[in-house]
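This report is written for a reader who wants to move through the coordinates with a commentary alongside. Please keep the sequence and the 3D view open while reading.

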Amino acid sequence: MNQPSQQPKIPVDLQQRLDVFERFLKRGNIGWTTQRPFLKSLGTGGQGTVILTERRGAGMFSMPVALKFFSPGQFRTTTAYEEEMLRLTEVASMVARIQDDHLVDVHTFIENEGVYYMEMEWIDGFDLLTLLRRDTLEIVHEAVTQGRWEELNETIVTQGEVDCRLKPGMAVAILRECLSGVSALHRSDIVHCDLKPSNVMVKRTGQVKLIDVGAAFWQEKPPPGQACTLEYAAPEVLEGKRATPASDLASLGYMLLEMLSGSRPFTGLKYADLLEAKKEIIHKLPAMLPLDTFAHSAPLMLLLRRLVHPDPAERFQSAEDAELGQHGAAEFLNELVRSERSQEYASEIRQWISEMESELHKAQQRSCSGDTTRISPPDPTATRIFPDSLSDLENVTSGFDVN
Ligand SMILES: Nc1ncnc2c1ncn2[C@@H]1O[C@H](COP(=O)(O)OP(=O)(O)OP(=O)(O)O)[C@@H](O)[C@H]1O
Ligand SMILES: [Mg+2]
């Protein structure tokens, strides 16, 4: 006769844990308190401070995450801060749903004692503003052999007038990745509104990611004022019009111009001159770019013109068009491949970053007062334009240090 099989007896303490486990699952939610130790500051801008911190879990688990603290300092009232934060939480949750390799991953938005902060992935790399600085390149120069230095100058980057100049293929490869991230935002009806080198991260892997959605807005619910960085804002935005996806294209165009020329054509201009310079830019492009010896300067010029055109209707129809359409970034890069002038840009960037990194790290430790990784001075920060206060801008916009 068969004996009924005996269930092994569960120890009492394990049974208690099993009860907890089943209770949690039945309840359908779970909560706990958590702490994030600050590791170091990643940067400070017009909106607040970004800190590298650690999400710790049970046992040995921990992972680095970035926290962006939104300062109430730039608001006149608590209500204004609350309203803007509420708006941002909605935009951030839309961005969090977008799965795109070229956009920062937003994890959550938290409020603690009235202060708001956003948790996001920590992007292990450098922002483009830092990468393009001359002193960063000098550091690389010191770290590599003469042969490698010449190769770098030949294929990736050389000293420019103010900052570094990227070789056209490299600059357009970075632009292409930015366009891909911007396309994803635009497909969700979100305008980024603050595209500039410090808001583009170049990862150690060579991949490019857009960050800083603090000025971004959902087109169906635009904010009362328009945050932007004057130096990179499209002319229509400077004139007080609502930013559109086409305005993001102009900002990327100004960035491309800077990457190619190693200059900062709009720095230090007062509002009226800045607007004028952006309206006249099409005629100035050939003089701004030292491309005489570059075989593909005509298509490059075309790409630039259709990004920075003062009339939004004359720009590419969309970010996707600028990336993949006729005369777009991909077509330009393919042309380089056909003429055997192309490189594996991601691996070139990877190598460039690893070469500069250890030296840069030492320099950062020397030049910073302990806890920040930014070696560059803060870049022009975002300001807020209200259509009826444009005349005020005339008075306050000197060197764009407006807040
Ligand atoms: N997720 C991240 N991972 C790594 N570094 C980051 C991350 N987010 C931001 N940073 C660094 O911190 C800097 C400031 O961040 P962010 O641009 O979000 O601040 P901000 O206050 O909006 O600045 P601004 O107003 O000047 O645009 C960035 O330029 C970048 O160097
Ligand atoms: Mg920023």
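The paragraphs below take up the two sheets, the surroundings of the ligand, some backbone torsions and two helices.

The coordinates belong to a predicted model, and every value quoted here is computed from it.

**The five-stranded sheet**

An open sheet of five strands follows the order S1-S2-S3-S5-S4, and its pairing is antiparallel. Strands S1 and S4 form the edges, each of them pairing on one side only, and from one strand to the next the twist averages 30 degrees. The table collects three of the strand pairs in this sheet, each with one bridge between named residues.

| Strand pair | Bridges | One bridge pair |
|---|---|---|
| S2 and S3 | nine bridges | glycine 48 and phenylalanine 70 |
| S3 and S5 | six bridges | phenylalanine 70 and tyrosine 116 |
| S4 and S5 | six bridges | threonine 108 and glutamate 119 |

Phenylalanine 70 can be followed across the sheet, since as a residue of S3 it is the bridge partner of glycine 48, while tyrosine 116 in S5 is in turn the bridge partner of phenylalanine 70. Between S4 and S5, in addition to the pair listed for threonine 108, phenylalanine 109 stands opposite methionine 118 of S5. As background to reading such pairs, side chains in a regular strand alternate between the two faces of the sheet.

Two hairpins belong to this part of the model. S2 and S3 form a hairpin with five residues between them, and glycine 59 in its turn has a positive phi of about 60 degrees. S4 and S5 form a hairpin with two residues between them, where glutamate 113 in the turn has a positive phi of about 50 degrees.

**The three-stranded sheet**

A second open sheet has three strands in the order S6-S10-S11, with antiparallel pairing. Strand S6 (125-127) and S11 stand at its edges with a single partner strand each, so one side of each has no neighbour in the sheet. The twist here averages 25 degrees from one strand to the next. S6 and S10 run antiparallel and are joined by three bridges, and the bridge partner of aspartate 127 is methionine 201 in S10.

**Around ligand 1**

Which residues come nearest to ligand 1? Of the 25 residues around the ligand, those are Gly43, Gly45, Gly46, Gln47 and Asp212. The elements that give two or more residues to this shell are strand S1 (38-44), strand S2 (48-56), strand S3 (62-70) and strand S5 (115-121). By residue class the shell around ligand 1 divides into 10 nonpolar, nine polar and six charged residues. Why does ligand 1 lie between domain 1 (38-121) and domain 2 (125-355 + 375-395)? Both domains give residues to the shell around ligand 1, and it therefore lies between them.

**Positive phi values in two loops**

Most residues other than glycine have a negative phi, and against that background two loop residues deserve a closer look. Aspartate 212, which is not a glycine, has a positive phi of about 60 degrees and lies in the loop between strand S11 (208-210) and strand S12 (217-218). Aspartate 212 counts as buried because it has 25 C-beta neighbours inside 10 Å, where 20 or more are required. Asp212 is also one of the residues that come nearest to ligand 1.

Cysteine 193, likewise not a glycine, has a positive phi of about 75 degrees, and its place is in the loop between strand S9 (190-191) and strand S10 (200-203). With 29 C-beta neighbours inside 10 Å, cysteine 193 counts as buried.

**Helices H9 and H11**

In helix H9 (residues 271-279) the buried residues are Tyr271, Leu274, Leu275 and Lys278. These four cover an arc of only 95 degrees around the axis, which puts them on the same side of H9. Ala272 and Asp273, on the other side of H9, are exposed.

Is serine 297, a residue of helix H11 (residues 297-308), buried or partly exposed? Serine 297 counts as partly exposed because it has 15 C-beta neighbours inside 10 Å. Serine 297 and proline 286 are 11 residues apart in sequence, and their C-alpha atoms are 9.4 Å apart in space.

Definitions and conventions:
Residues are numbered from 1 along each chain as its sequence is written. Chains are lettered from A and ligands numbered from 1 in the order in which they are written. This is a predicted model: local features need pLDDT of at least 70, side-chain atom pairs count only at pLDDT 80 or more; totals for chains, interfaces and linings use all residues. A residue is near a molecule or strand if its C-beta atom, placed from the backbone, lies within 6 Å of it. Ala, Val, Leu, Ile, Met, Phe, Trp, Tyr, Cys and Pro count as nonpolar, Asp, Glu, Lys and Arg as charged, and the others, Gly among them, as polar. Domain bounds come from an automatic or database domain assignment. A residue is buried if 20 or more other C-beta atoms lie within 10 Å of its own, exposed if 12 or fewer, and partly exposed in between; C-beta atoms are placed from the backbone. The arc is that of the directions from the helix axis to the C-beta atoms. Two strands pair if DSSP finds at least two bridges between them. Axes are lines fitted to C-alpha atoms, for helices over the stretch in contact, and angles run from 0 to 180 degrees between N-to-C directions.
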